[in-house]
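Visitor: I have the coordinates open and would like to go through the fold piece by piece. Could you walk me through it?

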Amino acid sequence: MAYQYETVKLDKGMYSEAGRSFTKVLEQCDPSEQYKGTPLEHLDAFQRQLKRFGIRVKGSESDVVAKFFATWESAVLFPEYVARAVRQGMEETDILPQITAAETRVSGMDYRSIASTPGDEAKQLKRVEEGAVIPETRVKAQENLVRLHKRGRMLVASYEAIQFQRLDLFSVTLRQIGAYINRMHAADAIDVLMNGDGNDNAAQVFTVGSGPISGTAGTLSYDALVDFWSQFAPYALNTLVVGDAMADILKLKEMQDGTAGLTFQGTGKLVTPMGATLVRSSAVPAGTILGLDKNYALELVRASDVLVEYDKLIDRQLERAAITSISGFAKIFQDATKVLKLGG
């Protein structure tokens with residue numbers, strides 16, 4: 001039985017179609033829907049092209065990098081292979097889904113978010129009498145644009161140096177690049193949560209030992225965490241992002257009771273303060289705990305996924321091939337994020 005994927009004509013122009021990725025262009029040429037009920041239904045259009053040219057990218061029997069360059073058409077697949085391996089590395093270390101409430105895709109470098117900044121009176125649940133004015137929630141465009149940042153790494157390697165390397169091993173290097181790029185995006189997100197997005201919406205800062213947070217400056221206590229938790233109404237403290245303060249939290253005696261131990265030994269999950277999700281990131285400053293209501297705090301703005309310099313990769317000019325991703329972040333509700341500093 002002949003399949004359509006075996007006759008698709010590949011060329012580098014498939015990477016340059018505005019608003020569509022290489023995979024989407026390939027799917028239009030070779031729709032996955034037509035493979036339902038066949039042995040190929042578990043493959044997407046790119047994976048079917050790998051099968052077409054007999055390229056194995058995983059396992060101990062994976063092919064060498066040079067297999068992509070056996071023909072001109074198979075070489076066209078190499079940039080997508082690189083991009084997918086980098087995306088896999090980004091996803092393996094991705095904390096952004098744990099701290100973002102919404103994701104917006106944009107086609108340019110300019111984006112203006114919206115905001116609602118209710119006062120204390122607007123936050124109250126008041127009874128509306130007959131004929132009375134219904135309380136308002138005003139939504140407006142932010143004054144300043146969201147800053148998008150290009151983050152990436154330069155892939156520097158001669159074709160001669162890698163052509164005989166197994167793709168399974170080469171993928172490890174690409175995944176590490178993806179992990180690095182994603183850590184940079186996470187650092188951008190944490191910076192916006194703490195310092196705002198340029199629209200005068202930095203997070204409120206509390207210090208242990210200084211009202212309303214009880215305790216002694218420089219020392220974290222469970223009482224201080226409870227006081228911090230109580231500052232979030234009407235939002236919920238459901239996520240804690242920490243760096244070196246992770247050790248201070250885990251050393252609290254309330255985190256070391258018998259139930260906590262059994263839960264960790266049985267499921268591998270830590271019992272966390274007030275049920276909040278603990279997220280670790282080296283981007284959080286020392287002695288600082290970032291608390292947020294994940295459902296209302298941050299918007300992720302993506303201008304691109306993983307971009308590779310496909311011309312260079314296809315033409316084996318790997319000496320300086322850039323791998324980049326463009327994203328930015330916008331605060332949604334300012335009071336949904338607060339900062340606790342240990343002080344001292």
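**Sheets and helices**

Guide: Bearing in mind that this is a predicted model, a good place to begin is the open sheet, in which five strands with mixed pairing follow the order β5-β12-β8-β6-β7.

Visitor: Which strands stand at the edges there?

Guide: Those are β5 (204–207) and β7 (277–280), and because each has a single partner strand, one side of each is left without a neighbour in the sheet. From one strand to the next, the twist averages 25°.

Visitor: How many bridges join β6 to β7, and do they run parallel or antiparallel?

Guide: Strand β6 (residues 239–242) and β7 run parallel and are joined by four bridges, with L240 having L278 in β7 as its bridge partner.

Visitor: And which strands does helix α8 touch?

Guide: Helix α8 (residues 167–195) packs on the sheet and touches β6, β8 (288–292) and β12 (337–341), its direction making about 80° with that of β8. Helix α9 (residues 222–229) also packs on the sheet, where it touches β5, β6, β8 and β12, and its direction makes about 155° with that of β12.

Visitor: Switching to β11 now, is that strand buried or exposed?

Guide: Of the 11 residues of β11 (residues 321–331), 11 are buried, so the strand is largely enclosed by the rest of the structure.

Visitor: Which residues lie on each side?

Guide: On one side are A321, I323, S325, S327, F329 and K331, on the other are A322, T324, I326, G328 and A330, and all of them are buried, so that both faces are covered. As background, side chains in a regular strand alternate between the two faces of the sheet.

Visitor: What does β11 pair with?

Guide: Strand β4 (residues 148–155) runs antiparallel to β11 and is joined to it by eight bridges, with L155 standing opposite A321. Strand β9 (residues 298–302) also pairs with β11 in the antiparallel sense, over five bridges, and there L298 has K331 as its bridge partner. Strand β10 (residues 307–308), again antiparallel, is joined to β11 by two bridges, and L307 has T324 as its partner.

Visitor: Last topic: at what angle do α1 and α2 cross?

Guide: The axes of α1 (residues 22–29) and α2 (residues 45–52) cross at roughly 75° and come within 8 Å, which means that α1 is roughly perpendicular to α2.

Visitor: Which residues meet there?

Guide: From α1, F22, L26 and E27 meet A45, F46, R48 and Q49 of α2, and the residues of this contact divide into four nonpolar, one polar and two charged.

Terms used:
Residues numbered from 1 in each chain as written. Predicted model: local features only at pLDDT ≥ 70, side-chain atom pairs only at ≥ 80, totals over all residues. Heavy atoms only, no water. Axes fitted to C-alpha atoms, helices over the stretch in contact; angles between N-to-C directions. Parallel < 35°, antiparallel > 145°, perpendicular 65-115°, else oblique. Contact = heavy atoms within 4.5 Å. Nonpolar A, V, L, I, M, F, W, Y, C, P; charged D, E, K, R; others polar. Buried < 20%, exposed > 50% of the residue type's maximum accessible area, 1.4 Å probe, protein only. Pairing = 2+ DSSP bridges.
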